[in-house]
Amino acid sequence: MFACLVLPAVANAENFLVDSTADATDLALDGHCLTEGGKCTLRAAIEEANAEEGFNEIEFSESTFDGKVAGTIVLVDSLPPLTGPTSINGKTCETAAGVSGPCVGVDGPSGKPALIVDHAEEVEVWGLAITGAQTGIEVDGSPGLKAQASWFGVKLDGSPGGIGTGILIGPGSDGSRVGSTDAERRDVFANSTDDGLDIHGAKEVLVRGNYFGVRPDGVTPAANAKDDIEVTSGSSEELEAIGTLIGTRVSSAAAATPECDGGCNVISGAGASGIDLQGDGGVEAPAVTTVVLGNYIGLNASGSASVPNVSSGVRVGKAARTIVGGSKAGEANRVNGGEVGVIAGPAPVDLVVRGNLIGVDATGTGTLAPPGEGVSVESVELPTAAVEATIADNEIRMAGGVAIAQEGFGATIADNEIFGAEIGIKTHGSTAGHGNLIESNSVKGLRASGIVVENDLNEITGNEISDASNAGIWINGSTVSFGLTGNLIGGDTAAKENVIDGSGGDAIEISSRQHTENEVARNRGIANNGPFIDLVATSPGTEKGPNEGIEPPMLSTLTQASVGGSAEAGANVRVFRKQLAAAGEVDSFLGEATVDADGDWELIFSSEIPAGSIVTATQTSTAGGTSELAPATTVPGAVGAVAGGGGGEAVIGTAAGTGNLFVIRPRIRPRTKIVKGPKGRSRTDTAQFEFESSERGSLFLCKLDGKPFDLCRSPKRYERLKPGKHVFRVRAIDPAGHADPSPAKSYFTVTD
């Protein structure tokens, strides 16, 4: 009894059932939601809910609102702002569009918001198809909003309804939720004349499982005129858009299917960007700590076709601490189409672009619709190296353009797989004393060069570059007015060596001015059409080229146990073994020595090398510039290169510094033939190939599917192959270093 006397009275929450498509107002605030016509309208239900305390629920009569166009409420003015915790639950139906979706339609008013949520906590909006309004739902100062299972800009029959912005989530509306991992609760944002979803000054908003820029079928394009999703901060720290999460780490089961499901958003068809974190300036400042993962950006929901965002997939701008993708399974964004996949800068603090599939089809094995440029980052205005960008573990398939472009102050560009670009990785602009780390990338099938550097102080190590049409790695000073210096290509361990195979030009080309110092350490490769290291002066009439015109060291003595010669005093001489006499090949590192004050050097090998081995060397000056390779020298006691087969007239000469005879063949390219391989279709997960060359003494390079060419011998066996289609290629390289321009191919399929 005492408790009954002292506890305050609390009004009971009310349920209201809307049974009319009219837009009439409530007769009286009496808890009964009746209009003059004796029906309950949505407007009257909101008026009554605002008058009640506690959590109120507004539902809709199933006989009136069944997903058909007739169940559409035409508004003459904005609905009354919701001011208390309320659920507007239109539920889901089999709609007139032929897919599951909202049961209730709301049309209009033109030039005004349809529904306003004003400083009301925990409002839920379900099952509405809102069209014809300036804004579908406008939210201000209302934390905990949930908007699910609703369509914006799409009528109940799936046709375009037009809308300005689907949802505007304003300042103070922290913790709002748009969409769900449950496909039945996804929202659709399409046909907007502005943005699909605009998040401004709200914190920790979660956007999951929605369709942007496509109809409810997930396939048919229905473009939003500007951005699909725009996330921006307000003009003060209190209004920062912090912690927005777009997408989710999809489950392993969802990730294994080609469809966008399990919380993945389809973010496609935007007239500008799929996701814009920079905004338009003025009251819109860049977002902070945004995470974008597990989405289809520029794809339809089935992953079968591109629905490109015209400008970019993700526009980061200056947004700080942005993460696009992730290192774990299910965190990759699939990005296709548009001018740029991910664009950032100037000065994107702590940007991470990791683990994404750009230009890759939904199966993860082929190319779909690459953007014009893959990832483009401008870091010119970054204050310190501690906040540099990381671009890592991405798979980027291109049809030209630049896969990764980094301008200015350094970034870490590591462990990316790149296919088919014009240029794989390009750095340019002033590094302001801090260059890029370009490490452990795989770059294949380039229309021009693998890695192009147009600035200073870059470290390029451990990369695999194959089949570039021009140079594998190019320090390109021909386009800048200053000399490029302080770059390091390769390293002092096997793991740091760049492997450069099959370049149409030089393996490593340094085109720069005289007063530069670029170091070329340990690297290796085969079948490059030009010299392995080529120093090219870019200033006509310059007496010396790059690296002060440093000359290769002299190799004057060579035995199976040691090599020696002369070079610049204090220089570091690196000695390499070659498989072939060809200028574009280096096989392995033998050791290094320091030149004494008299200009002499000697290297004692850790173990004797065979007679007939071919040896070459570089020298790196005390200032840090490296020479081209010395002329190849053969260890006494055997012929260095043997002619055989193929016809043509041989020329006999003397190997430099040895007095040994060697044979140089005319430039006749070998032909490769696969003589035995697996059947076209087989249930076995192993495959073995036998092959031969038209030239005796040839080496072979083999590759399976998208992997790089690597040295091999016949027979070549592969095990534990995955079910599906495979292609094996093999290329012969004759003793003079001439490569078969058309590798032999064998196609086969492993069945389940």
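## A walk through a strand-rich chain

Seven bridges join β54 to β57, and these two strands run antiparallel. That pairing is a good place to start, in a predicted model where local features need pLDDT of at least 70, side-chain atom pairs count only at pLDDT 80 or more, and totals for chains, interfaces and linings use all residues. Residues are numbered from 1 along each chain as its sequence is written, and side-chain values use heavy atoms, with hydrogens and water left out.

A few words on terms will help. Helices (H or I, at least four residues) and strands (E, at least two) are DSSP runs numbered from the N terminus. Two strands pair if DSSP finds at least two bridges between them. Strands of a sheet pair through backbone hydrogen bonds, either parallel or antiparallel.

Back to our starting point. Along the pairing of β54 with β57, Arg 574 stands opposite Thr 618 in β57. β54 (residues 572-578) also pairs with β55, in the antiparallel sense over 6 bridges, and there Asn 572 has Thr 594 as its bridge partner in β55. β57 (residues 614-620) is in turn joined to β58 by 2 bridges, again antiparallel, with Thr 633 in β58 as the bridge partner of Val 615. Put together, this is an open sheet of 4 strands in the order β55-β54-β57-β58, with antiparallel pairing. Its edge strands, each pairing on one side only, are β55 (588-594) and β58 (633-634).

How covered is β54? Of its 7 residues, 6 are buried, so the strand is mostly covered; buried means under 20% relative accessible area, exposed over 50%, and partly exposed in between (1.4 Å probe, protein chains only). In β57, one residue worth a stop is Gln 619. Gln 619 counts as buried because its relative accessibility is 3%. A polar atom of the Gln 619 side chain lies 3.1 Å from the backbone nitrogen of Glu 568. Leaving aside neighbours within four places in sequence, Gln 619 is in contact (heavy atoms within 4.5 Å) with residues including Ile 550, Pro 552, Ala 567, Glu 568, Asn 572 and Ser 627.

Now let us move to another set of strands. β48 (residues 508-512) has 5 of its 5 residues buried, so the rest of the structure largely encloses it. Ile 508, Ile 510 and Ser 512 point one way from β48, while Glu 509 and Ser 511 point the other way. β45 and β48 pair in the parallel sense over 4 bridges, and Ile 475 stands opposite Ile 510 in β48. β48 is also joined to β51 (residues 533-537) by 5 bridges, running parallel, with Ser 512 opposite Ala 537 in β51.

Just beyond β45 (473-476), in the loop that leads to β46 (488-489), lies Gly 477. Is Gly 477 buried or exposed? At 3% relative accessibility, Gly 477 counts as buried. Not counting residues up to four places away in sequence, Gly 477 touches Leu 484, Ser 511, Ser 512 and Thr 538.

There is also a helix to visit. α2 (residues 42-51) is mostly covered, with 7 of its 10 residues buried; among them are Leu 42, Arg 43, Ile 46 and Glu 48. What covers the buried residues of α2 includes β1 (15-18), β2 (56-60), β3 (72-74), β4 (86-89), β7 (104-107) and β8 (113-118).

Next comes empty space. Rolling a probe the size of a water molecule over the atoms shows where empty space is left. On a 1 Å grid over the protein atoms alone, a pocket is an open set of points where a 1.4 Å probe fits, with protein on both sides within 12 Å along at least five of seven lines, and lining residues have an atom within 4 Å of a point. The largest pocket has a volume of about 580 Å³, a volume being the space filled by probe spheres set on the points, which are joined across faces, edges and corners. Of the 18 residues that line the largest pocket, the closest to its centre are Gly 364, Thr 365, Arg 397, Asp 705 and Gly 706. β67 (724-733) is one of the strands that supply at least two lining residues, and β67 gives the most, with 5 residues.

Finally, step back to the whole chain. The chain has 3 helices and 68 strands, and 54% of its 752 residues count as buried. Its C-alpha trace spans about 115 × 60 × 55 Å along the principal axes.

How values were computed: A polar contact is a pair of N or O atoms within 3.5 Å; within protein, one must be able to donate a hydrogen and the other to accept it, and residues adjacent in sequence count only if both atoms are side-chain atoms.
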